[in-house]
Each structure stands twice: as C-alpha cells, then as structure tokens.
Amino acid sequence: MRLAGTLAFGLLAISILSYGISGSAFAANSFITAESDLEIVSNGSTVTLSGNIADYDATAGHGLTYLVSSPDNNIVGIGQVNVKSDGSFEKSFVAGGPLWKLAGDYTVQFNFGPTKGEVTLNYVGGEQVITQPEPEPEPEPEPEPEPEPEPEPEPEPEPEPEPEPEPEPVCGAGTELVNGVCQVIKTETPEENGGGCLIATAAYGTEMAPQVQFLREIRDNTVMSTASGASFMTGFNQLYYSFSPTIADLERENPMFQEAVRAFITPMISTLSIMTLAEDGSEIEVLGLGISVIALNLGMYIAAPALIGFKVHRHFKSRL
C-alpha cells in the first residue's frame, strides 16, 4: 500500500510539473491566420495552404505543426511547416488517401505553441469537379433598313450561320481531360496523410534519420497494408497526436530532455523489427506480431520497472 501511494504521488507530481512547464513555455497573445487556394477539394487535388503568425517570435523555440481532422473528428494527417522570418508560411499537400473516407468539411488546425488557427476544406472525395463556363450569348443582328420599293429582282436569301463548335469542358484542380471527359489525376499520397513521427523526428533531429525512416516503413508498408492495421492507426493517431506536438517542442528547447527521450524510445524501436517478419497484407501475421510487440513493450516499460521497484522496496524493508 505504501508503494502504491508513493507511485501515485510521483505521477501526480510529474503531471503538475509538466503542466507548469508547458504553461510557462507557451504563454503568448498572438494568433494564426490561414487560407486555402481551393474552395472545393477532390481526391488527388493538390491543396496549398498559406497564412501568417501574428507577433511571430523566432526565438520562442516552437515548431509550427498542423492537424487535418475529418468530419467525424478523426485525425487523417499531421505534419510540420517551415515559417519564414516575417511569420508567413506556405504548405502544399495532396488530399485523399485511405484515411480520407468521408466527404464533407475537413478542418486543418495550425499550432504554434499556444497560438492556434484553422482553415476548413470542402472535400468531395472521388467525385469529379468540373467547371464549365456558360457560352456568351450571340449579339442579335441589327435590322437592315427596308429598301425602297423598286421593280428589282427578289433579294437572295441570307446564308444560314454555321454552327459554332461546342466549348470543351474545363476540368477543376486535381483532374485532367481525357477523351473529352474529366478524370481524377492519380497521384501518390504524401507522407503527411499518414501522419509524421513528431517525437522521433525531434529526438533524432531530422526526418531522414534511419530510425525515423524505419518507423515510417513499418507503418506504411506493414501495418497500413491490412484493414485491422488501418483501424488501429486511426485510434492510435487520436491519442498520439494529442500530446506529441508538445513533447516535440520540449525536445527542441531542452537538449537534455531530447537525449532522455531518445534513450527511452530506442528499445521500443528495436522491438518493432519483429513486424518485418509479417507478410504485407496478411491480417493474421500483422495482428499476431502486433499483439506480441505491444505485450513486449508493456513488459519492458511497465512490468519490469514495477517488479524492480517491488524488489528494492522489499530489500530496504527487510533491512529495517
């Protein structure tokens, strides 16, 4: 009982301390304005978001991140954005992918420490977006003056005007004209749609680090190749991206904390090598090995420290 009380008190103290640190580190009175270059976004459209951070301070140590949420409040994308010295920024990505399941309003929320801003995208999925301008009406010919009655031969009939060719349809963004029909341009979905490993990227200093690339390959090529893996990533993203931007900012501000996080996640990355044994697209293998990796990490990060603490407690208690 005394051990449980001590652990509970320690967790409460850590929570209060982290709240105080984050509160003091992210105090600001600025805001973010953002806009999109497209009003309607189809599957495969390239969206360019631009905006500005008011009262931008480059020495604050924050990173500008963005979250893309679907109409049912699921996170379908996340990433980081480079900010210019005047506080302006611009980010382009391709809409669509396995996580963009619903048509409707998708919200892109920007976070720069405590500073927030958002912009809404009207996503229409795989439906074609075709904009065709209405043809301009032809001007009516002016009436000719009536000739004076003279004994002249009858006037020749006026030639009929040639029909004008129908204008070709103008395809919207993300589509192209093929044989007179607008079709969606097939484009590979960028990494941002699957989300970014913010904590690992901040811990190793770059997205090109071998450890970060290994995590990305396991997620995209193995876990996301199955329906159960995609469902797991949807729920995991909801939890992971609720706190990862804050931890990534703390890593960039505190080198010692960055080293501690790197040492903490290295064993977990090593255990994920088990997932390479699964065949891509195999539900049974991905599910079985995934449960094994989760159980191994629970034992390594929770059960083992608890057992060591219990043994140390009994040792000191026996000496007393």
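Buried here means under 20% relative accessible area. By that cut-off, V212, L215, R216, I218, R219 and T222 are the buried residues of helix α3. The model is a predicted one. The protein contains seven helices and twelve strands. Of its 320 residues, 32% are buried. Among contacts between residues at least 6 apart in sequence, 67% join residues at least 24 apart.

Helix α3 has 13 residues, which at 1.5 Å a residue should span 18 Å. The end C-alpha atoms of α3 are 17 Å apart, in agreement with that expectation. The buried residues of α3 pack against α2, α4 (227-240), α6 and α7.

Helix α6 covers residues 255-271. Its 17 residues should span 24 Å at 1.5 Å a residue, and the separation of its end C-alpha atoms, 25 Å, agrees. A bend of about 30° occurs in α6 at I265. A proline, P267, follows within four residues of the bend. At the start of α6, N254 places a side-chain oxygen within 3.1 Å of the backbone nitrogen of M256. The buried residues of α6 are Q258, V261, I265, I269 and T271. I265 is thus listed as buried and is also the site of the bend. The packing partners of the buried α6 residues are α2 (198-204), α3 (210-222), α5 (244-253) and α7 (283-319). The contact between α3 and α6 therefore appears from both sides: buried residues of α3 pack against α6, and buried residues of α6 pack against α3, with contact taken as heavy atoms within 4.5 Å.

Attention turns to the strands. Strand β1 (residues 32-36) runs antiparallel to β3, and five bridges join the two. Within this part of the structure, E35 stands opposite S50 of β3. Strand β3 also pairs with β6 (residues 88-94), again in the antiparallel sense, over seven bridges. Here T46 is opposite V94 in β6.

V47 is a residue of strand β3. Its relative accessible area is 0%, so V47 is buried. The C-alpha atoms of V47 and D37 are 6.7 Å apart, although ten residues separate them along the chain. Leaving aside residues up to four places away in sequence, V47 touches S36, D37, L38, V41, K91, S92, F93, A95 and L121. In the loop between β2 (40-41) and β3 lies S42. S42 has 1% relative accessibility and so counts as buried. The side chains of S42 and S45 are joined by a polar contact of 2.6 Å.

Strands β4 and β5 form a hairpin with five residues between them. In the turn, N73 has a positive phi of about 65°. The two strands run antiparallel and are joined by six bridges. V68 stands opposite G77 in β5. Strand β5 spans residues 75-81, and six of its seven residues are buried, so β5 is largely enclosed by the rest of the structure.

Aromatic pairs were then counted. The total is eight. One of these is formed by Y56 and F112, a tilted pair at 5.6 Å centre to centre with 50° between the planes. Y56 sits in the loop between β3 (46-53) and β4 (64-69), whereas F112 belongs to strand β7 (residues 104-112), so the pair ties together parts that are 56 residues apart in sequence. The two rings belong to residues of unlike burial: Y56 is partly exposed at 24% relative accessible area, while F112 is buried at 6%.

A second tilted pair joins F264 and Y301, at 4.7 Å centre to centre and 55° between the planes. F264 lies in helix α6 and Y301 in helix α7, so this pair also links distant parts of the chain, 37 residues apart. Y301 is partly exposed, with a relative accessible area of 23%. Ring pairs also link Y66, F89, F93 and F110 into a cluster. F93 of this cluster is among the residues that V47 touches.

Methods
Residues are numbered from 1 along each chain as its sequence is written. This is a predicted model: local features need pLDDT of at least 70, side-chain atom pairs count only at pLDDT 80 or more; totals for chains, interfaces and linings use all residues. Side-chain values use heavy atoms; hydrogens and water are left out. The expected span of a helix is 1.5 Å times one less than its number of residues. The bend at a residue is the angle between axes fitted to the seven residues ending there and the seven starting there. Buried means under 20% relative accessible area, exposed over 50%, partly exposed in between (1.4 Å probe, protein chains only). A polar contact is a pair of N or O atoms within 3.5 Å; within protein, one must be able to donate a hydrogen and the other to accept it, and residues adjacent in sequence count only if both atoms are side-chain atoms. Rings of Phe, Tyr and Trp (its six-membered ring) pair if their centres lie within 6.5 Å; planes under 30 degrees apart count as stacked, over 60 as edge-to-face and the rest as tilted. Two strands pair if DSSP finds at least two bridges between them.
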